[in-house]
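Here is a short report on one protein chain. Look through the structure, then read on.

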Amino acid sequence: MNNSYEEQEMISSICGFINVEIHFDQQDALHSIFLCTINVLFAVSAIFLNCTVIFIIWKTRSLRTPSNIFVVGLAVSDLAVGLIVQPLFVATIMTGIRGEFSTYCSLRLTMQTVALIVLGASFFTLTIISVERLLALSLHLRYQAAMTCKRAVVCVGSIWLLTLVWALCRFWIKMQVFTAVNSLLVYTSLLINTLAYIQIFRLVKRHKTQIASQAVNCARTTCSTRLQLSKYVKTVSTIVTLLIVTIATYSGWVVVTIALRLSVGGKNEHHLYAAFTSVTTLVFVTSTFNPVLYCLRLGEIRAAKRMNSYCLSSQVMNSNVNT
């Protein structure tokens, strides 16, 4: 596994800003194979579950709303994690174990770049959803007239385009500048999310108070409004749960990544790299968790899933009878 000086020079020119002096022993190999197995299993489940969410929303006309367009945007990014990022991650680890450092370096650069695009799109889509939910609650009918499915698609497409451009910028600007700006974007998004959801829960509390005061005079209208509000609160709480899980997993990844960069060439680098691959796997696993949460928490998607499953089974039974 020891590389020649010429090969190390070539790797350095290909990789540029990542450290590739990694030496695997038997214990590392077992840990890496275990992570590869976990990633393969969760990649398959992420592909299946996110394809299911996208298919259900596409197939069910009543679910084609601006809010669900953003859910589809999240599902597409999670699908890309299972379809592209996790296979690249597995290939990167396996080439590292085999000592193919030139291939390892190229794969790792590719994996990191694609992951930055996909995970960045997912994270900033969550931010857009928090703003969209706030506008939906505060503007009411004006929001419904302003936000169409077409505009929601443009928003999601713009997020992907911007994250693509930003991910490619890491090859042309200094890594310190890229990391600083990246951190600023993440913390700004977190601040926007926090302020948006604080305002959302204040408005929800105010609406509940208004509904309670009107309950005697207009029971039927109040019941309908209360039902709409409870559905809205459930949707918001689902997105908040997604955001909390995302922040928790990403925070661990950021801490380990910073520690790994600070310990380059140190005695703890070996163990920190093992921790890095573990928390990276944990970040990828959220791509399976997210669609499960959609189906469990969002009643409309859950009901549509049951209906589509029933229709599909009926079609299969009819085709069997006809044959």
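## Helix H4 and its end

Histidine 140 comes right after H4 and has a positive phi, near 55 degrees. H4 is a helix in the DSSP sense (a run of H or I, at least four residues, numbered from the N terminus). The model is predicted: local features need pLDDT of at least 70, side-chain atom pairs count only at pLDDT 80 or more, and totals for chains, interfaces and linings use all residues. Residues are numbered from 1 along each chain as its sequence is written, and side-chain values use heavy atoms, leaving out hydrogens and water.

How far apart are the end C-alpha atoms of H4? They are 55 Å apart. That agrees with the 57 Å that its 39 residues should span at 1.5 Å a residue. The expected span is 1.5 Å times one less than the number of residues. H4 is also mostly covered, with 29 of its 39 residues buried. Buried means under 20% relative accessible area, exposed means over 50%, and partly exposed is in between (1.4 Å probe, protein chains only).

## The whole chain

The protein chain has 10 helices and zero strands. Of its 323 residues, 43% are buried. Contacts (heavy atoms within 4.5 Å) often link distant parts of the sequence. Among those with a separation of 6 or more, 79% join residues 24 or more positions apart.

## Nonpolar cores

A nonpolar core is a set of buried Ala, Val, Leu, Ile, Met, Phe, Trp, Tyr and Cys residues joined through side-chain atoms within 4.5 Å. The largest one has 22 residues. Leu126, Tyr197, Ile200, Ile239 and Leu242 touch the most other members. Helices H3 (66-97), H4 (101-139), H6, H7 and H8 (219-262) each give two or more residues to this core. Another core, of 19 residues, lies apart from it; Ala29, Cys36, Leu88 and Ala115 are among its members.

Which residues does leucine 126 contact, leaving aside neighbours within four places in sequence? They are Leu74, Asn193, Ile239, Leu242, Leu243 and Thr246.

## A nonpolar surface patch

A nonpolar patch of about 870 Å² sits on the surface, and its residues include Leu161, Phe171, Trp172 and Val181. Helices H6 (149-169) and H7 (175-214) each give two or more residues to the patch. H6 gives the most, with four.

Leucine 168 lies in H6. Is leucine 168 buried or partly exposed? Leucine 168 is partly exposed, because its relative accessible area is 34%.

Note on methods: Patch = residues over 30% accessible without salt bridge, like charges linked within 9 Å, V, L, I, M, F, W, Y side chains within 5 Å. Areas by Shrake-Rupley, 256 points an atom, 1.4 Å probe, with all protein chains shown as cover. Salt bridge = Lys/Arg side-chain N within 4 Å of Asp/Glu carboxyl O.
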